[in-house]
Amino acid sequence: MAKVTKVGAREILDSRGNPTVETTVLLSDGSWGVSSVPSGISVGKYEAVELRDRDPNRFGGLGVLKAVGNVNMVIAPKLLGFDPIKQKEIDMVMMGLDGTENKGKLGANAILSVSQAVCKAASMSLRTGLFQYIGKLAGEYGLTNTASRIPTPMLNIVNGGKHGAGNLDFQEFMVIPSSNKKFSDALHMGVVIYNALRDVLIFRNAIHSIGDEGGFAPNLFTNSEAFEVIVEAAKASGARLGYDVFFGLDAAASYFKKMGGYQLKDRPQLFSTDQLVDYYKTLVSTYQILVLEDAFEEDDWEGWVKLTRELSDKLLIVGDDLLATNKSRLTRAISEKAANAILVKPNQIGTVSETLALIKQARQANFRIIVSHRSGETNDSFIADFAVGVSADYIKFGAPARGERVAKYNRLLEIEQSFV
Ligand code: PGA
Ligand code: ZN
């Protein structure tokens, strides 16, 4: 039985050039795991704490040397000698050392990097694929241990809100190939539409740049115009709307909520919660929208409940900022029927085992599971294996562009090949 012999962290950079934490875990049998954590920019109020140094002389205060120090000085000594397959016990030791509800003392970034690195090291020691090992852990949490299907990708091809050029209020416009496609075919379709969209934007003189998640961040005037160009691109690529391909929207509404209502470019007056429900209904019926994430800000329970009551038979109503991968938020959403799907981001909670427990809770309530990246990512593809291991329904890994996004898609291609 292998034992943990060394745990060491360092500061590395994420895809925005901001510091983040990477940890290596070494085992007595020569196995190891290296894992790093991502970082969001449209961060929900109820997420676990990402510990930053706040030293204005380094990286504008975003350094993570304190979190790195917490791994090396506080966590590492307590984990030496542990059997790495004891994922839950190891996570609980770290939670105990932290002692807060939101991991505010040691930092969820510090804790998660260790939790994921332990998981990788254990799978290497057992000589199983990481996704298979995570499938086994998921089984221990009462989830079906199948790990035999690649989740359907939701590809974010237009970046607005905080990820884009500042002229679109909605944050993510996604294309979702039909779930009955093989993953590699679905990904191929996403790439074809992405490339067709580039041509449409060039033709309209709206090409600008790509955003944080690899989608285009075009010069467009309204949010509905973004749907128009995506529809045009999908049609140009030969995909049949509502059959081969569907659309998704992450509104990230907390970022356009103003005093007295929601502010969208599409009309001069603010939208009340009820008006916004009606506006979404129009968008859903005009375009083939299958997924609607963060349609309201995280404390607008009334809007969430109303939308779920009216549209849950047609639509995945996904809580990201609303649920923040957080147990008590999920419990409330289940009892109030405020969503029917959860976006799972391990760094919103901070350990592998708590993420598994949360997925179990969501599954029991019949929620759909979407495993998601963050807008600031590294090349670590842990979440690709994680998504397969927990048999997620969907994955959200951004556009099929930028190395840190493609790393996850490529890992899924590798896993798919191992199935045959
Ligand atoms: P974030 O955005 O990583 O910047 O929070 C992703 C999302 O809102 O889904
Ligand atoms: Zn989101």
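A residue counts as buried when its relative accessible area is under 20%. Keep that in mind as you click around, and remember that this is a predicted model.

**Stop 1: the zinc ion**

Start by selecting ligand 2, the zinc ion, along with D250, E293 and D320, which coordinate it. The donor atoms are OD of D250, OE of E293 and OD of D320, at 2.0 to 2.2 Å. Along the chain, these donors are spaced as D-x42-E-x26-D. Two of them link distant parts of the chain: D250 sits in strand β6 (residues 245-250) and E293 in strand β9 (residues 289-293), 43 residues apart. Are D250 and E293 buried or exposed? Both D250 and E293 are buried.

**Stop 2: strand β4 and its neighbours**

Now select residues 152-159, which form strand β4. Eight of its eight residues are buried, so β4 is largely enclosed by the rest of the structure. Add residues 394-396 to the selection: this is strand β13, which runs parallel to β4 and is joined to it by three bridges. To find one pairing, look at P153, whose bridge partner in β13 is I395.

Next, bring in strand β5 (residues 172-177). Which way does β5 run relative to β4? The two are antiparallel, with four bridges between them. Zoom in on N159 and you'll find E172 of β5 opposite.

**Stop 3: helix α6**

Select residues 223-236 to light up helix α6. Its 14 residues reach 20 Å from the first C-alpha to the last, close to the 20 Å expected at 1.5 Å a residue. Try colouring its buried residues: N223, A226, F227, V229, I230, V231, A233 and A234. An α-helix has 3.6 residues a turn, so residues three or four places apart point the same way.

What covers the buried residues of α6? The cover includes strands you have already visited, β4, β5, β6 and β9, as well as helices α5 (183-203) and α7 (273-286). Before moving on, step just past the end of α6 to G238, which takes a positive phi of about 85°.

**Stop 4: a pair of crossing helices**

For the last stop, show helix α2 (residues 87-98) together with helix α11 (residues 352-364). They pack at an angle of about 110°, their axes 8 Å apart. Angles of 65 to 115 degrees count as roughly perpendicular, so that is how α2 and α11 are placed relative to each other. To see the contact itself, pick Q87, K88, D91 and M95 on α2, then V352, S353 and E354 on α11.

Technical notes:
Residues are numbered from 1 along each chain as its sequence is written. Chains are lettered from A and ligands numbered from 1 in the order in which they are written. This is a predicted model: local features need pLDDT of at least 70, side-chain atom pairs count only at pLDDT 80 or more; totals for chains, interfaces and linings use all residues. Side-chain values use heavy atoms; hydrogens and water are left out. Donors are N, O and S atoms within 2.8 Å of the metal (3.2 Å for Na, K and Ca); water is not among the atoms, so sites may look incomplete. Buried means under 20% relative accessible area, exposed over 50%, partly exposed in between (1.4 Å probe, protein chains only). Two strands pair if DSSP finds at least two bridges between them. The expected span of a helix is 1.5 Å times one less than its number of residues. Contact means heavy atoms within 4.5 Å. Axes are lines fitted to C-alpha atoms, for helices over the stretch in contact, and angles run from 0 to 180 degrees between N-to-C directions. Angles under 35 degrees count as roughly parallel, over 145 as roughly antiparallel, 65 to 115 as roughly perpendicular and the rest as oblique.
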